[in-house]
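Please read the following report beside the sequence and the structure shown here. It goes through selected parts one after another.

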Amino acid sequence: MTGGEVKGTVTPFDSVFSPAAVREAAAKVHDSIADHQKDLARVQGFISDNTNLINLVRHLPDELSHDIMVPFGGAAFFPGKLIHTNEFLVLLGEGYYADRTARQTVEILKRRGKSLELQVESLKAKMMNLEAEAKFFDSTATDAAEGLVEIMEDYVEEPNKSKPESSMTTGPPVADLEKDISDSNGASISDNARTSTADDEYAQIMAMLDEREKEELEHENASGTNKELGEFEAEAPAEDDSSSDEEEIVEAATGSSTSPHSVNNKGNEIFQKNKLENPLQDSNCEISGKPIGGNLQQYVMEQSQDSSGNAGKQTSRTGFSARRSFTGSIIEHDDANLPKSSSNQSTSSNPAKPVSRFKMQKGNR
Amino acid sequence: MAESSELRRQKVQKFEDFVEGRLKPDLVNAIAQRDKVFEQQKIFSDLKRNIQVLEKSGATSLRTRVNLGSEVYVQADVPDTRRVFVDIGLGFHVEFTWSEALDFISVREARLTRQVEEYTHLIANIKAQIKLVLEGIRELLQLPTE
């Protein structure tokens with residue numbers, strides 16, 4: 001994106017949308033809004049008539065008869081009274097009438113009112129759409145007047161980030177996940193080749209993290225797991241977001257190393273690895289760390305909470321969902337110099353992780 | 001030459017504006033007014049027929065149905081039909097006997113018929129004016145070509 005050569009095209013807005021055309025379109029939309037407004041007023045008039053009628057019909061049977069002026073054609077009336085005040089002749093439609101009691105009539109009228117309200121709803125929705133359209137036209141007109149230009153550039157995929165688009169979705173089905181995993185496996189192998197010199201550093205960091213996680217787990221065990229479990233279930237839906245945040249933190253922590261981009265990738269994969277394995281095999285970890293920054297520590301704490309939550313779920317609620325119960329193996333990192341064992345991987349792998357890793361990569365660009 | 005054609009163009013524009021902006025709305029308005037009078041005429045002729053039916057049957061009480069709105073009807077009873085209140089205009093109603101009512105209705109119908117004639121005349125007038133102006137425009141456009 002910093003390249004000097006011309007990559008895209010620049011189009012002034014007012015050459016695409018001529019001001020007169022925009023104004024015309026806006027006027028058209030405003031007319032249409034006015035029409036809908038009229039319709040809305042009409043329907044609302046019907047609704048108020050209907051509610052008045054419901055009140056009238058409800059109260060008519062209170063008395064045996066009511067003195068009224070009985071209309072006689074459009075221009076004359078007789079003094080008279082309403083009789084049989086609990087009998088109504090209601091038009092059902094298509095010229096069919098039915099004798100109903102007051103209560104039944106009220107029900108019919110209420111149903112009519114409901115359909116009227118539906119009409120009002122749809123009219124309002126239409127008007128909202130039109131107003132949004134009008135706003136768009138107005139803003140386009142002002143933009144064009146201000147001489148805004150549209151810059152278009154073709155998207156060229158960068159070769160070392162060729163991940164399938166499907167991994168962007170937060171909860172992919174199992175089949176996709178497996179594809180994901182195999183893809184990322186290939187990618188990680190190439191990563192390994194490039195970044196083997198920096199591996200020692202990661203091993204060290206991983207060891208530190210393992211230590212922290214172990215401490216955290218011990219702490220949890222001491223303070224009781226029941227309460228924690230409850231919290232994790234509540235947290236679970238937001239896990240993807242939070243984990244990507246955490247990964248960014250880790251990026252910051254490891255950002256000072258020699259080849260930042262690939263190194264970060266690597267680091268995150270390792271992190272995920274550890275996240276997955278730790279709840280079940282923390283006792284295997286080598287503890288060879290020294291004190292680290294607050295960010296990292298916080299990350300470790302959150303991470304261990306997360307993973308212990310996952311572990312709890314896996315033991316207590318098998319088949320929690322497709323995402324949780326996925327048990328395909330993630331065997332992407334076979335680095336010999338990492339403190340881990342691969343025996344327990346299949347039981348603790350979490351399918352959501354490739355997704356978040358991709359997210360991280362996106363954030364990295 | 002160009003100046004005169006420009007002048008002619010402006011004149012034609014003015015005439016067209018007059019037809020579209022003045023005469024045609026007037027025409028629509030007059031037709032609507034006449035329709036209203038027709039409606040009144042129909043109401044009174046209905047009333048006349050109804051009263052004549054009542055007279056013929058000689059019934060003094062009446063059972064009918066009243067529309068409460070939204071096509072909901074209730075039965076109504078009229079104990080004495082010999083006196084009827086008729087709308088005489090401007091929101092006033094007068095209590096008539098049948099014969100009085102029929103007299104009034106015939107007077108009213110005559111007046112309504114006259115009104116209809118007036119409006120018909122007015123409408124014809126406006127139509128004639130529109131025709132005249134259109135003819136003028138046509139002449140303005142055709143003269144130079146002759």
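In helix 2 of chain B, the residues B:A101, B:I105, B:R108, B:L112 and B:I126 are buried, in what is a predicted model and should be read as such. This helix has 45 residues, and the distance from its first C-alpha to its last is 65 Å, close to the 66 Å expected at 1.5 Å a residue. Helix 3 of chain A can be described in the same terms, with 44 residues and a reach of 63 Å, close to the expected 64 Å. The table sets out the two helices with their buried residues.

| Helix | Residues in helix | First to last C-alpha | Expected span | Buried residues |
|---|---|---|---|---|
| Helix 2 of chain B | 45 residues | 65 Å | 66 Å | B:A101, B:I105, B:R108, B:L112, B:I126 |
| Helix 3 of chain A | 44 residues | 63 Å | 64 Å | A:T105, A:L109, A:F137, A:A141 |

**Chain B as a whole**

The secondary structure of chain B consists of two helices and four strands, and from the N terminus on these elements follow the order α-β-β-β-β-α. Of the 146 residues of chain B, 12% count as buried. When contacts in chain B between residues at least 6 apart in sequence are considered, 57% of them join residues at least 24 apart.

The loop between strand 1 (62-67) and strand 2 of chain B holds B:S70, and B:E71 lies in the loop between these two strands as well. B:S70 has a positive phi of about 55 degrees although it is not a glycine, and B:E71, likewise a residue other than glycine, has a positive phi near 60 degrees. Is B:E71 buried or exposed? B:E71 counts as exposed because it has 12 C-beta neighbours inside 10 Å, whereas B:S70 has 18 such neighbours and therefore counts as partly exposed.

**Where the two chains meet**

In the contact between the chains, 28 residues of chain A touch 25 residues of chain B. On the chain A side, helix 2 (19-59), strand 2 (66-71), strand 3 (76-82) and strand 4 (88-93) each supply at least two residues, and the largest share, six residues, comes from strand 3 of chain A. By class, this side of chain A has 18 nonpolar, seven polar and three charged residues.

The chains are also linked through strand pairing, since three bridges join strand 4 of chain A to strand 2 (residues 72-78) of chain B, and these strands run antiparallel. The bridge partner of A:L89 in strand 2 of chain B is B:Y73.

Which residues have the most contacts inside the largest nonpolar core? They are B:V84 and B:A101, in a core of 23 residues. Both chains contribute to this core, with two or more residues coming from each of strand 3 and strand 4 of chain A and helix 1 (2-57), strand 2, strand 3 (83-89) and helix 2 (98-142) of chain B. Strand 2 of chain B gives the most, with four residues. Leaving out residues up to four places away in sequence, B:V84 touches A:F72, A:A76, A:F78, B:F96 and B:A101.

**Helix 3 and strand 1 of chain A**

The buried residues of helix 3 of chain A pack against helix 2, strand 4 and strand 5 (96-100) of chain A, together with strand 2 of chain B. According to an unreviewed UniProt entry, the annotation "coiled-coil region" covers residues 106-140 of chain A; over these residues the model is 100% helix and 0% strand, with the end C-alpha atoms 50 Å apart.

A:L130 lies in helix 3 (residues 102-145) of chain A and counts as partly exposed, because it has 19 C-beta neighbours inside 10 Å while 20 or more are required for a buried residue. Apart from neighbours within four places in sequence, A:L130 is in contact with A:V29, A:S32, A:I33 and A:H36. A:L130 and A:S32 are 98 residues apart in sequence, and their C-alpha atoms are 7.8 Å apart in space.

Helix 3 of chain A is followed by A:G147, which has a positive phi near 80 degrees. Strand 6 (residues 149-153) of chain A pairs with strand 1 (residues 8-12) of chain A in the antiparallel sense over five bridges, and one of the partnerships is that of A:T9 with A:M152. Strand 1 of chain A is hardly covered, with zero buried residues among its five.

Methods: Residues numbered from 1 in each chain as written. Chains lettered and ligands numbered in written order. Predicted model: local features only at pLDDT ≥ 70, side-chain atom pairs only at ≥ 80, totals over all residues. Contact = placed C-beta atoms within 7 Å. Nonpolar A, V, L, I, M, F, W, Y, C, P; charged D, E, K, R; others polar. Pairing = 2+ DSSP bridges. Core = buried A, V, L, I, M, F, W, Y, C linked by C-beta atoms within 7 Å. Expected span 1.5 Å × (residues − 1). UniProt positions renumbered as here; feature names shortened; annotations may be inferred.
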